[in-house]
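Here is a short report on one protein chain. Please look over the sequence and the fold before reading on.

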Amino acid sequence: MQNRVGYNKRIFKINKFRTMMLGAEQKTKDLEHLNEVSGPVFKIKNDPRITTVGKLLRKTSIDELPQLFKRAER
């Protein structure tokens, strides 16, 4: 479960499958020279931080599936 910022800066919770290895965020700095996009986006073709299962999840868009199920508000 992650918190995200949406429309009008409203925070909402989102479920996602993890497709990258643990500690991927910390490795970003070491891979900055491979970034293919300018601005706030970080994109690398064949990103080495993506796991084997993660590649399959992303290719089939299954990593987005949890977004279809909204968690019941408490």
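Is Arg49 buried or exposed? Arg49 counts as buried, because its relative accessibility is 6% and the cut-off for buried is under 20%. Keep in mind that this is a predicted model.

## Salt bridges

The count of salt bridges comes to 2. One of them joins the side chains of Asp47 and Arg49, with 2.6 Å from N to O. Asp47 has a relative accessibility of 5%, so Asp47 counts as buried. Arg49, at 6%, is buried as well. Both partners of this salt bridge are therefore covered: Asp47 is buried, and Arg49 is buried.

Glu25 and Arg18 form a salt bridge too. Here the closest N and O atoms are 3.8 Å apart. That distance falls inside the cut-off, which is within 4 Å. Glu25 is exposed, with a relative accessible area of 52%. The value for Glu25 passes the limit for exposed, which is over 50%. Arg18 has 44% relative accessibility and counts as partly exposed.

## The largest pocket

The largest pocket has a volume of about 660 Å³. Its lining is made up of 22 residues. Nearest the centre of the pocket lie Thr19, Met20, Arg49, Ile50 and Arg58. Three elements give two or more residues each to the lining: strand 1 (2–5), helix 1 (24–31) and helix 2. Helix 1 provides the largest share, with 3 residues.

What classes of residue make up the lining of the largest pocket? There are 12 charged, 6 nonpolar and 4 polar residues. Arg49 belongs to this lining and also takes part in the salt bridge with Asp47.

## A nonpolar patch on the surface

Phe17, Ile62, Leu65 and Leu68 make a nonpolar surface patch of about 380 Å². Leu68 sits in the segment after helix 2 (52–59). Leu68 has a relative accessible area of 66%, so Leu68 is exposed. A patch residue needs over 30% relative accessible area, and Leu68 at 66% meets that limit.

Which element pair flanks the loop that holds Asn15? Asn15 is in the loop between strand 2 (11–14) and helix 1. Asn15 and Leu68 are 53 residues apart along the chain. Their C-alpha atoms are separated by 9.2 Å. Asn15 is partly exposed, with a relative accessible area of 28%.

## Backbone angles to check

Most residues other than glycine have a negative phi. Two residues are worth a look on that account.

Asn46 has a phi near 55°, a positive value. Asn46 is found in the loop between helix 1 and helix 2. Asn46 is exposed, because its relative accessible area is 66% and the cut-off for exposed is over 50%.

Ser61 also has a positive phi, about 65°, although Ser61 is not a glycine. Ser61 lies in the segment after helix 2. What is the relative accessible area of Ser61? The value is 45%, so Ser61 is partly exposed.

## A glycine in helix 2

Gly54 is found in helix 2. Gly54 is buried, with a relative accessible area of 1%. How far apart are the C-alpha atoms of Gly54 and Asn8? They are separated by 31 Å. Along the chain, Gly54 and Asn8 are 46 residues apart.

Conventions. Residues are numbered from 1 along each chain as its sequence is written. This is a predicted model: local features need pLDDT of at least 70, side-chain atom pairs count only at pLDDT 80 or more; totals for chains, interfaces and linings use all residues. Side-chain values use heavy atoms; hydrogens and water are left out. Patches are made of residues with over 30% relative accessible area and no salt bridge: like charges are joined within 9 Å, nonpolar side chains (Val, Leu, Ile, Met, Phe, Trp, Tyr) within 5 Å. Accessible areas come from the Shrake-Rupley method with a 1.4 Å probe; for residues, only the protein chains shown count as cover. Helices (H or I, at least four residues) and strands (E, at least two) are DSSP runs, numbered from the N terminus. Buried means under 20% relative accessible area, exposed over 50%, partly exposed in between (1.4 Å probe, protein chains only). On a 1 Å grid over the protein atoms alone, a cavity is a set of points where a 1.4 Å probe fits but cannot get out, and a pocket is an open set with protein on both sides within 12 Å along at least five of seven lines; lining residues have an atom within 4 Å of a point. Grid points are joined across faces, edges and corners, and a volume is the space filled by probe spheres set on the points. Ala, Val, Leu, Ile, Met, Phe, Trp, Tyr, Cys and Pro count as nonpolar, Asp, Glu, Lys and Arg as charged, and the others, Gly among them, as polar.
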